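Take a moment to turn the model around and get your bearings. Then we can walk through it together, one spot at a time.

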Amino acid sequence: EELESRHEKHWFPRKITDIDLLQENITYGSDLAPDHPGVNDPEYKERRLLVADIAKTFKQGDKIPDVDYSEREKETWKVIYNRLSKLYPTHACDEYNHVLRSLERSCGFTPDVIPQLGDISDFLQETTGWQLRPVMGLLSGRDFINALAFRVFHSTQYIRHHSEPFYTPEPDIVHELVGHVPMLADPQFP
């Protein structure tokens, strides 16, 4: 019955477990946009699908599975993390910088390790009541906003292509953890 009503025009989740139903409207797959740096890299596309598949069976309340990131993925994270770390003191707000130090101390935000969503989600739940949820790809704007009403932030776990570490045409783990998580972790922000 719930699945049938999900296809009604004005359906929205009424309880947090309804968020599980949002997974059916994901833009997902190895068909990357023509401008995606990994579009012609079959190894990247296969790896990306493998990482995205973690979210496929995730249900609200499950422990978020860890991703065993490859050395190449960790190197991509490191290049980005080191470059951005030099910019934060002059380009990020005080709140961001304060929370980032907490994330570094508590969640493994370092240049050498890509933090795990589960660790970050646990930290967020303790500090602000937010939680992360793995997602296979892009949700519709409506579904993304519906989840925010439950203080659930959908996050990808795959990382952008190594050939262009400072560009991706879609959200990835860097975008999620560096762009969104610090403000979700600020008790004054959410």
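Let's start at Tyr-96, which, setting aside residues up to four places away in sequence, touches Tyr-88, Val-178, Pro-182 and Met-183. Keep in mind as you look that this is a predicted model. You'll find Tyr-96 in helix α4, which covers residues 94–107. Is Tyr-96 buried or exposed? Its relative accessible area is 9%, and with buried meaning under 20%, Tyr-96 is buried. One of its partners, Val-178, sits 82 residues away along the sequence, yet the two C-alpha atoms are 9.7 Å apart in space.

Now step back and look at the whole thing. The protein has seven helices and two strands. Going from the N terminus, the order of elements is α-α-α-α-α-β-α-β-α. For the protein, the radius of gyration is 17 Å, close to the 16 Å that the globule rule gives for 190 residues, so it is as compact as a globular protein of that length. Along the principal axes, the C-alpha trace spans about 50 × 45 × 25 Å. Of the 190 residues, 48% are buried. The accessible surface of the protein is about 10200 Å², and carbon and sulfur atoms account for 52% of that. Pairs like Tyr-96 and Val-178, 82 residues apart in sequence, fit into a wider picture: take the contacts between residues at least 6 apart in sequence, and 59% of them join residues at least 24 apart.

Next, find a pair of helices. Two packed helices are described by the angle between their axes and the distance between the axes. Here the pair is α5 (residues 117–127) and α7 (residues 173–184), whose axes come within 11 Å and cross at roughly 10°. Angles under 35 degrees count as roughly parallel, and α5 and α7 are therefore roughly parallel to each other. Which residues of α5 and α7 meet? On the α5 side they are Leu-117, Ile-120 and Leu-124, and on the α7 side Ile-173, Leu-177, Val-181 and Leu-184. The residues of this contact divide into seven nonpolar, no polar and no charged.

From there, move to helix α6, residues 141–148, and pick out Ala-147. Ala-147 is buried, and its relative accessible area is 0%. Leaving out neighbours within four places in sequence, Ala-147 is in contact with Ile-19, Leu-22, Val-152 and His-154. His-175 is another story: 28 residues along the chain from Ala-147, with 18 Å between the two C-alpha atoms.

Just past α6, stop at Arg-151, in the loop between α6 and β2 (152–155). Arg-151 has a positive phi of about 60°, although it is not a glycine. With a relative accessibility of 30%, Arg-151 counts as partly exposed.

Our last stop is Asp-35, in the loop between α1 (2–6) and α2 (42–56). Asp-35 is partly exposed too, with a relative accessible area of 45%. Beyond its neighbours within four places in sequence, what is Asp-35 in contact with? The partners are Tyr-167 and Pro-169. Pro-169 is 134 residues from Asp-35 in sequence, but from C-alpha to C-alpha the two are 7.4 Å apart in space.

Methods: Residues are numbered from 1 along each chain as its sequence is written. This is a predicted model: local features need pLDDT of at least 70, side-chain atom pairs count only at pLDDT 80 or more; totals for chains, interfaces and linings use all residues. Side-chain values use heavy atoms; hydrogens and water are left out. Axes are lines fitted to C-alpha atoms, for helices over the stretch in contact, and angles run from 0 to 180 degrees between N-to-C directions. Helices (H or I, at least four residues) and strands (E, at least two) are DSSP runs, numbered from the N terminus. Angles under 35 degrees count as roughly parallel, over 145 as roughly antiparallel, 65 to 115 as roughly perpendicular and the rest as oblique. Contact means heavy atoms within 4.5 Å. Ala, Val, Leu, Ile, Met, Phe, Trp, Tyr, Cys and Pro count as nonpolar, Asp, Glu, Lys and Arg as charged, and the others, Gly among them, as polar. The radius of gyration is taken over C-alpha atoms; the globule rule is 2.2 Å times the number of residues to the power 0.38. Buried means under 20% relative accessible area, exposed over 50%, partly exposed in between (1.4 Å probe, protein chains only). Accessible areas come from the Shrake-Rupley method with a 1.4 Å probe; for residues, only the protein chains shown count as cover.
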